[in-house]
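Student: I have a structure open and don't know my way around it yet. Can we go through it together?
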Amino acid sequence: MKLALPASTIQIGDEQVPLLFYADDIVCLASSEAELQTMVNIFSCFCSTYGLTLNVSKTMTMVFGGQGTQTRVSITYRGQTLTQVDEFRYLGMTFHWSKGSIHGGGVLSTAAKGAINALISHAKSENSLDIRLLCKLFDNLVSPILLYGCEIWGHCSKLTNTVDSIYNGFLKRIIGARTSLDSNVVLAELKQTPMWLKKLKRQCMYWNRLMKLEDNSLLNKAALEQLTWYNSGARRDKKCWMAATACSAQASLASLLNTECEPPIMQITALEQLTRDHERHTFQNKALQSIRHEGSRDFYASERFIREDNFRSITYAQCFWRSGSPLEIANSVNMRTLIRFRTGAHKLQIVVGAWVGIPRNHRICRCCNMNIVEDEFHMVFECLLYDQTRHEHIDLFTTTGSSQNNLQHAQRQSTTLKPMLARTNYAIIIDNKADEMRRFFNYPNQGLLASFISKCLALRNHTLNQ
Ligand SMILES: [Zn+2]
């Protein structure tokens with residue numbers, strides 16, 4: 001006896017959608033309760049004929065579409081009523097009766113958060129917060145969860161924001177920066193591609209793959225139907241996957257989708273331009289111009305910094321982020337310390353004073369008696385506490401172009417403030433503080449730079465805790 005498997009009345013193009021098989025998973029799609037019951041009955045006969053058993057407890061029904069509450073159906077299999085659910089996980093993606101696969105993206109985000117917590121607590125228990133290693137582990141263990149199925153749900157801007165904030169939050173956690181820190185600064189500092197860009201690339205590649213299919217597969221037919229729908233003007237209808245994906249891609253970069261050709265193709269190479277534009281926009285326009293505009297050190301005291309919320313998250317050192325490449329530093333602890341310093345995740349008064357509402361000009365260094373605001377510049381170039389440390393890292397100061405032309409002045413100052421330091425045979429008197437900081441952070445031997453910062457901070461800690 002030969003039994004035909006049921007096909008549904010749901011069509012893609014001119015083809016009836018058959019039962020969907022994957023390993024031991026089976027999906028029956030029907031357009032009415034009666035039709036689904038018929039399909040289940042035929043399926044029951046099929047199972048009897050071939051000696052197969054259906055696990056009824058794992059078999060669910062769901063009615064897609066609509067608002068409010070789900071339409072109830074009663075489907076039975078050999079007298080047992082199948083449970084109707086609001087969501088069901090199929091091939092790793094959770095589908096919701098009204099939110100479809102978008103809901104699945106949200107479920108994966110929650111799972112990714114759990115994976116991050118496990119990853120970080122494991123790293124802490126091993127006492128290893130090596131940033132490079134953690135980034136690699138994230139790419140291998142968390143990204144696959146976070147971006148699973150993003151080709152389908154990636155057009156949802158809310159989910160994109162969630163995915164971005166999860167990734168950026170992870171990066172901030174591993175460097176120990178505060179959550180209010182500008183995420184773009186962290187991404188640049190750690191040389192990481194923003195998650196939305198990784199996701200967009202996968203969406204674009206999937207798009208192109210669909211447009212190039214030439215076989216007789218169901219997927220190809222679905223793609224062609226989407227294309228017809230898209231070409232007919234379903235641009236704003238979020239239920240048209242192609243229209244929604246095109247919209248989200250073009251919102252990122254107008255020229256990303258080449259609509260001149262038929263079918264339209266995503267220009268993957270344009271994504272590289274997008275990365276560059278993104279960096280330029282973030283740093284040249286935001287951080288660097290602001291400091292140029294306000295003038296080196298007075299940046300902190302500037303009206304703009306005090307007034308605008310976004311500017312509060314930018315610290316002095318961050319403005320020089322483009323210099324240097326801390327990720328190449330061999331010593332992972334020093335590397336982390338330098339990155340933290342550059343992103344303002346340190347305990348100098350300029351930062352700590354802000355937490356307790358001390359006015360900027362009152363955030364005075366407690367490590368020396370120079371009566372100067374303790375910011376990154378003060379620690380690196382001025383503070384008398386670190387004279388010996390500077391001496392031990394003399395190359396950082398003699399080859400950066402730091403002028404020694406005012407040696408006498410410096411020695412006089414040192415003598416006045418702390419006679420012992422008059423022995424110091426170098427001095428740093430700087431006119432253009434912004435340029436000097438940039439040169440300092442750009443010093444070719446980043447390991448030496450990181451060692452200097454680490455030693456200064458350790459000395460500071462020791463001095464203040466005595
Ligand atoms: Zn000081």
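Student: Let's start with L253. Is L253 buried, exposed or partly exposed, and why?

Tutor: L253 is partly exposed, because 17 other C-beta atoms lie within 10 Å. A residue is buried if 20 or more other C-beta atoms lie within 10 Å of its own, exposed if 12 or fewer, and partly exposed in between, with C-beta atoms placed from the backbone. This is a predicted model: local features need pLDDT of at least 70, side-chain atom pairs count only at pLDDT 80 or more, and totals for chains, interfaces and linings use all residues. Residues are numbered from 1 along each chain as its sequence is written.

Student: Where does L253 lie?

Tutor: In the loop between α9 (241-252) and β11 (257-258). Helices (H or I, at least four residues) and strands (E, at least two) are DSSP runs, numbered from the N terminus.

Student: What does L253 touch, leaving out residues up to four places away in sequence?

Tutor: A270 and L274. Two residues touch, or are in contact, if their C-beta atoms, placed from the backbone, lie within 7 Å. L271 is 18 residues from L253 in sequence, and their C-alpha atoms are 8.2 Å apart.

Student: Zooming out, how many helices and strands are there?

Tutor: The protein has 20 helices and twelve strands. It has 466 residues, of which 29% count as buried.

Student: Which residues touch the most other members in the largest nonpolar core?

Tutor: L171, I175, V186, L338 and I453, out of 52 residues in that core. Helix α5 (residues 157-175) gives the most to this core, with seven residues. A nonpolar core is a set of buried Ala, Val, Leu, Ile, Met, Phe, Trp, Tyr and Cys residues joined through C-beta atoms within 7 Å. Another core, of 15 residues, lies apart from the largest one and has L200, W207, L210 and L256 among its members.

Student: And what is I175 in contact with, beyond four places in sequence?

Tutor: I131, V186, R336, I339, R340, T343 and A345.

Student: R336 and R340 are in α13, right? Which residues of α13 are buried?

Tutor: N334, M335, R336, T337, L338, I339, R340, F341 and R342. That is nine of the eleven residues of α13 (residues 332-342), a mostly covered helix. Just after α13, G344 takes a positive phi of about 80 degrees.

Student: Back to α5. At what angle do α3 and α5 cross?

Tutor: The axes of α3 (residues 131-146) and α5 cross at roughly 160 degrees and come within 11 Å. Therefore α3 is roughly antiparallel to α5. Axes are lines fitted to C-alpha atoms, for helices over the stretch in contact, and angles run from 0 to 180 degrees between N-to-C directions. Angles over 145 degrees count as roughly antiparallel, under 35 as roughly parallel, 65 to 115 as roughly perpendicular and the rest as oblique.

Student: Which residues meet there?

Tutor: I131, L134, F138 and L146 from α3 meet V163, I166, F170, I174 and I175 from α5. By class, the contact of α3 with α5 has nine nonpolar, no polar and no charged residues. Ala, Val, Leu, Ile, Met, Phe, Trp, Tyr, Cys and Pro count as nonpolar, Asp, Glu, Lys and Arg as charged, and the others, Gly among them, as polar.

Student: How do α2 and α3 pack, then? What is the angle?

Tutor: About 155 degrees, with the axes of α2 (residues 100-125) and α3 9 Å apart. So α2 and α3 are roughly antiparallel to each other. Their contact divides into 14 nonpolar, one polar and no charged residues.
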